[in-house]
Structures are given as C-alpha cells and as structure tokens.
Amino acid sequence: MMLQGICDELAHRIPGIGFDAPIPCHHNYVAVENQDGLEWMVTRKGAIRAGAGDLGVIPGSMGTGSYIVRGLGDEQSYACASHGAGRRMSRNAARRRFTAADLAEQTSSVECRKEEGVVDEIPAAYKDIDDGIRAQTDLVEVVARLQTLPCIKG
Ligand SMILES: Nc1nc2c(ncn2[C@@H]2O[C@H](COP(=O)(O)O)[C@@H](O)[C@H]2O)c(=O)[nH]1
Ligand SMILES: [Mn+2]
C-alpha cells in the first residue's frame, strides 16, 4: 500500500518515470528450506535470504546509502546475508550521546525527519555499510549502490 502510494505520487510528479519490480526482502523470520538434502527451519534474525540469484536490499542508515545485492547461495551460511550495516551503539546510547542538531548535520543531504524522536537512528549509531558489504563478498554480489535522497520513517 505504502509503496504503491509512493510510486503513484512519483509517477504523477515525474512524467515518464519507470519502476522495476519490487524486491521482497524480509528479515527476522523463520522459513522451512531444503539444504544439503534435508529440511531445515532456518531462522534469519537480522539477516536476509541470499540464495543463488535472490535479489535483496542491505541498507546503511538515514544518511548513507543502501545496496541492492544478488545472493550467491553460500551453503556454509545457509544462504543468508546481513540485514543492514548493523549498530555501532544501542538506541539508548545514541540518544544519550547525540542531539537533534547532530542528526540534522549528519543528514544534511537527505530529506527526512530531523527531530529528537529519531535521534536513535542517527547515522553515527550505525557501522559503515561499505565495510559491511566488503565483509560479505562470499555471500552476495553488488547489483547497485543507492544514494539516499528522502528517508521516510513512520
Ligand atoms: N537506508 C537506511 N538504512 C537504515 C535506516 N535505519 C536503519 N538502517 C539500516 O537498517 C538496519 C536495521 O536498522 P534498525 O536499527 O531499524 O534495526 C540497520 O542495520 C541499519 O544499517 C535508514 O533510515 N535508512
Ligand atoms: Mn530491523
């Protein structure tokens, strides 16, 4: 619903714009999968499926980019990859350390919420997404690196 609403709005404002098929990409779920000839219940907590050829999204933070990736189906990792850059510090630690002014500074190139209520998602609270991608080249290949323009948080 939300995705369709955003696509409709963009299509209205930018004539000729086109969209690829959406990439379904869940994290924090359990799936029954056949691997090594056995049926497993694979729990992906903070992880996404990266089966051979699967498209996935690995985000960075409000201020950095995101990656579109293609899974390589690594069997030793049960066809998983990371869900994102991951946190450098907890939400509470981020709230103690940073202010809304810091958030505004770190998201200066992004159209997004900048108030106190989202300081726990300040870019400095997350690890470097490029490092995260370099650390999992055996799990996924990069299809595209996206630069964040707007960031919508509910
Ligand atoms: N592109 C964006 N990536 C983000 C944003 N907020 C967090 N993240 C990344 O996603 C995962 C999940 O974060 P969580 O704190 O909500 O569990 C995390 O690893 C971050 O790297 C965002 O606004 N834009
Ligand atoms: Mn999450």
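Two residues are in contact if their C-beta atoms, placed from the backbone, lie within 7 Å. This is a predicted model, where local features need pLDDT of at least 70, side-chain atom pairs count only at pLDDT 80 or more, and totals for chains, interfaces and linings use all residues. Residues are numbered from 1 along each chain as its sequence is written, while chains are lettered from A and ligands numbered from 1 in the order in which they are written.

**Exercise 1. The overall picture**

Task: work out which elements the chain has, and what share of its contacts joins residues at least 24 apart.

Solution. Start with the elements: there are four helices and nine strands, taken as DSSP runs (helices are H or I with at least four residues, strands are E with at least two, numbered from the N terminus). Going along the sequence, they come as α-β-β-β-β-β-β-α-α-β-α-β-β. Next, the contacts: counting those between residues at least 6 apart in sequence, 63% join residues at least 24 apart. As for extent, the C-alpha trace spans about 55 × 45 × 25 Å along its principal axes.

Finish with burial. A residue is buried if 20 or more other C-beta atoms lie within 10 Å of its own, exposed if 12 or fewer, and partly exposed in between, with C-beta atoms placed from the backbone. Buried residues account for 23% of the 154 in the chain.

**Exercise 2. The first hairpin**

Task: find how S1 and S2 pair, and what sits in the turn.

Solution. Take strands S1 (residues 29-35) and S2 (residues 38-44). Strands pair if DSSP finds at least two bridges between them; here S1 and S2 have seven, in the antiparallel sense. For one spot to check, look at asparagine 34, which stands opposite glutamate 39 in S2. Two residues separate the strands in this hairpin, and aspartate 36 in the turn has a positive phi of about 55°. Lastly, the number of buried residues among the seven of S1 is zero, so S1 lies largely in the open.

**Exercise 3. S5 and its partners**

Task: which strands pair with S5, and which S5 residues are on its covered face?

Solution. S4 (residues 55-59) pairs antiparallel with S5 over five bridges, and glycine 56 stands opposite valine 69. These two strands form a hairpin with six residues between them. S8 (residues 140-146) also runs antiparallel to S5, joined by six bridges; there, arginine 70 has glutamate 141 as its bridge partner. Now the faces: Tyr67, Val69 and Gly71 make up the covered one, and Ser66, Ile68 and Arg70 the uncovered one. That fits a simple rule: in a regular strand the side chains alternate between the two faces of the sheet.

**Exercise 4. Two positive phi values in a loop**

Task: is tyrosine 78 buried or partly exposed, and is alanine 79 buried or partly exposed?

Solution. Tyrosine 78 is in the loop between S5 and S6, and alanine 79 is found in the loop between S5 and S6 too. Phi is positive at about 50° for tyrosine 78 and near 55° for alanine 79. Most residues other than glycine have a negative phi. Now count neighbours: tyrosine 78 has 18 C-beta neighbours inside 10 Å, so it counts as partly exposed. Alanine 79 has 23 other C-beta atoms within 10 Å, so it is buried.

**Exercise 5. Histidine 83**

Task: where is histidine 83, and what does it touch?

Solution. Histidine 83 is in the loop between S6 (80-82) and H2 (91-97). Leaving out residues up to four places away in sequence, its contacts are His27, Gly46, Ala47 and Ile48. The unreviewed UniProt entry lists His83 for "active site".

Technical notes:
UniProt positions are given in the numbering used here, feature names are shortened, and annotations may be inferred rather than shown by experiment.
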